[in-house]
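Please read the following report alongside the sequence and the coordinates. It takes up the chains in turn and then turns to a few local details.

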Amino acid sequence: MAMGCVVDIIKTKDLVYEYIRRDEEGNVEGITRAVDEVDVAVRPGEFIAIVGHNGSGKSTLAKHINAICYPTEGSVFVDGKDTADEKHLWEIRRMAGMVFQNPDNQIIGQVVEEDVGFGPENMGIPTAQIWERVDESLSAVGMTAHRKKSPNRLSGGQKQRVSIAGVLAMRPKCIILDEPTAMLDPSGRKEVIRAVRALNDVEKITIVLITHYMDEAIFADRIFVMDKGRIAMTGTPRQIFHRVEELKQLRLDVPYVTLLAHKLRKSGVIKSDTTVLSIEELLDSLDIALPVKHESVGKSVNC
Amino acid sequence: MLRNITLGQYYPVDSIIHRLDPRVKLVATLLFIISLFVGRYTGYIVATLFLLTVIKLSKVPLRFIVRGMKAIVFIMLFAVVFNLFLTPGEVAVSFWVLSITWEGIRLAAMLAIRLILLLMGSSVMTLTTTPGNLTDGLEKLMRPLRVIRIPVHEVAMMMSIALRFIPILMEETDKIMKAQIARGADFESGNLIKKAKSLVPLLVPLFISAFRRANDLAMAMEARCYQGGEHRTKMKPLIYRWQDGVAYLLVLAYFAACIVAGRLLF
C-alpha cells in the first residue's frame, strides 16, 4: 500500500458499489451502480474536494471511507486498513470522522459540550480525558463560548461547527464532510469553511470535502470531479477550472470570477492563459491600474 | 399550547436542590408520592410543609409552579365533581336527583389535596433537574434491571434523544401547518371529529420526516462509534457527595414523620 514514503490515508481500489432496488415482494427490480470502479488515493494532510451534481455518487463514496457502506466489489483502505474487515471497524470510524449535511440530525447531546463528548464516551475514554478533548475541540472550532447552550439555540453554522468539534474530539486523522454547508446561509457557510480550512492548516488533518459549491472547492489541494459514479477529472483547482467547457458538460459550474475571466479571454480582453480563481487575480490579468485595491476581496469573497 | 406546561421544564437557577444528585431527587419524589397515599390528613400537613421548604430551597418561584398547575385544573375538577356526587353514604346536601354525601366531600377534598401535592412535588423535580441529568439518574437507578434483560441504557438513550427532538419536531409541525394553511387547509373550524380529521395531512408528513431524521441520526451515531452501553464511559458521571447522603436521610425522616403524623390523630 505504501506509495513513496508515506502511506495513503485513504485509498480505494476498483471500488464498486451497487444499490439494489427491490419491489414489495423482495425481488430484485434493478441495480444502480452508485460508485463505479473508483481508484483514488489521498495523502495525509491533503485537502480534497469532491464535486459532482446530484446522484453522481459522491456521498456514497464518502460513506465508504467511514465504513458506513461496504464495497460491492474492490476495496477501500483507511490508513492501510481494509474497511471490509470487521475487526478494524471502530478504529476506522474513529480515524475517519464524518460530518453530515443536516446539522439537526447529527447532534445527539442536549448541551453543546455533552454532544462533543459523545464520541469519546463511546470510545471508552476516561472522564478526565474526555473533558480535555472537549475543551480542545470546542476551542479549535471557536465554540467555547457556547459550550453550555442547548444545540437548539444555535445557528446552522454554529451547529455544524459543533458537529465538527464532535468528530474532532475522537482525534481523527481525517474528516469527511458530506455537503456540510448545503443547508446553511452564506454567513454560516463561510464560518464552516473557515473552521475546516483552519483544521487542515493548523492541525494538519486530512480533509475530504464533498460539496456542490465550486467556490468552496477552490480552497482544496486537489479536486475530484465525479460523474455517474466515476471519477471524471482530478487535478488542482486551477487545472480543473481551466476546463470550463468540460465542466459544463458535466452540469457543473465554475466560480463566477473564473467564468468571467474565461469569457473575457475568449473575447480577447485577457491575453494570459492562466486560470483565474479570485477577483485579485482577475484584476491582475486585466492589467488595469486601479486607484485602490481592496485587501478584503480575496478568495474569500464568495464563501 | 404545549408551552404552558411547567411539568418537564427546567428552571435554570443555582440552588442546593439543583445541585443534588438526580438519583436523590428521583427517589425523594417517589417516596413523596408514596407518602401521599399512605399518610392521611395530618400527614398532608407534614407533606405540605416539607414541599414548601423544598420549593423555598430550590429558589424556583412558587408562582411559577402554581402556574404550571393550570394545565390540570380541568382534570382535577372532573375528578372532584365525580367524587362529590357519586360517593354513597350519609347525605349532606340534596337537590333534584343529585346529592352530596359527607363521604363524598371527604374523598373529594382528599383527592384534590393529593393531586395538587403530587403534581407540585413532581414538577419540583423536573424544574430543578436538567432532562439529561434526569435520564442519567434513571439509567443508574434502573441498572439492576439489566439482570432481567431490560435494556436500561438503550431506553435512557431513547428518552434523551426524544427530549432533544421535541423542540425540533414542534418547529417542524408549525412549518407544515403554515404550509398547509397557505394552501387552504383549515385546522380551526368544525367539530371535534372534523378537527381530528384535518390533522391527518399534518401527521403524515411529520411522521415521514421523523423517520428520515431517525435514520440520519442513527447513521451519525454509528459514525461516531456508538455501539450501545457496553464499554462506554461518561463525560459527566454521577458521583454521590455528602450533601446527597444528608438529603437521603432528610427524605427518610420526612417519610417516617408523614406516616406517624397520619396515624396519630385517627
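The report below moves from overall confidence to each chain and then to single residues.

This is a predicted model, and its overall scores are an ipTM of 0.83 and a pTM of 0.81. For chain B the average pLDDT is 84, with 96% of the residues scoring at least 70. Within that chain, the mean confidence is lowest in strand β1 (residues 91-95) of chain B, at 75, and highest in helix α10 (residues 200-223) of chain B, at 91. Residues 1-7 of chain B have a pLDDT below 50, and this stretch makes 11 contacts in the model beyond near neighbours in sequence. Where pLDDT is low, the predicted coordinates should not be read in detail.

**Chain B**

Chain B contains 11 helices and 2 strands, and its elements, taken from the N terminus on, follow the order α-α-α-α-α-β-β-α-α-α-α-α-α. The chain is more spread out than a compact globule, because its radius of gyration of 23 Å is well over the 18 Å that the globule rule gives for 266 residues. Taken along the principal axes, the C-alpha atoms of chain B fill a box of roughly 65 × 60 × 40 Å. Of the contacts in chain B with a separation of 6 or more, 73% are accounted for by residues 24 or more positions apart. The 31 positive and 16 negative charges of chain B have mean positions that lie 4 Å apart.

**Chain A**

Chain A contains 12 helices and 13 strands. Its radius of gyration is 21 Å, which agrees with the value near 19 Å that a compact globule of 303 residues would have. The C-alpha trace of chain A spans about 60 × 50 × 45 Å along its principal axes. Among contacts in chain A between residues at least 6 apart in sequence, 62% join residues at least 24 apart. The mean positions of the 39 positive and 44 negative charges of chain A are separated by 3 Å.

The burial and the surface of the two chains are set out here.

| Chain | Buried residues | Exposed area | Share of that area from carbon and sulfur atoms |
|---|---|---|---|
| Chain A | 54% of 303 residues | about 13,700 Å² | 49% |
| Chain B | 37% of 266 residues | about 16,300 Å² | 72% |

**Local details in chain A**

Helix α1 (residues 58-65) of chain A is mostly covered, with 7 of its 8 residues buried. The buried residues of α1(A) are Lys58(A), Thr60(A), Leu61(A), Ala62(A), Lys63(A), His64(A) and Ile65(A). An α-helix has 3.6 residues a turn, so residues three or four places apart point the same way. After α1(A) comes Ala67(A), which has a positive phi, near 60°.

A second site of interest is His212(A), which is found in the loop between β11 (206-211) and α8 (214-217) of chain A. Because its relative accessibility is 36%, His212(A) counts as partly exposed, a class that lies between the 20% limit for buried and the 50% limit for exposed residues. Which residues does His212(A) touch, if those up to four places away in sequence are not counted? They are Gly52(A), Glu179(A) and Ala182(A). For Ala182(A), which is 30 residues from His212(A) along the chain, the separation of the two C-alpha atoms is 8.1 Å.

Terms used: Residues numbered from 1 in each chain as written. Chains lettered and ligands numbered in written order. Predicted model: local features only at pLDDT ≥ 70, side-chain atom pairs only at ≥ 80, totals over all residues. Heavy atoms only, no water. Helix = DSSP H or I, 4+ residues; strand = E, 2+ residues; numbered from the N terminus. Rg over C-alpha atoms; globule rule 2.2 N^0.38 Å. Buried < 20%, exposed > 50% of the residue type's maximum accessible area, 1.4 Å probe, protein only. Contact = heavy atoms within 4.5 Å. Areas by Shrake-Rupley, 256 points an atom, 1.4 Å probe, with all protein chains shown as cover. Lys, Arg positive; Asp, Glu negative; His and termini not counted. Charge placed at Lys NZ, Arg CZ, Asp CG, Glu CD. pLDDT = per-residue confidence, 0-100.
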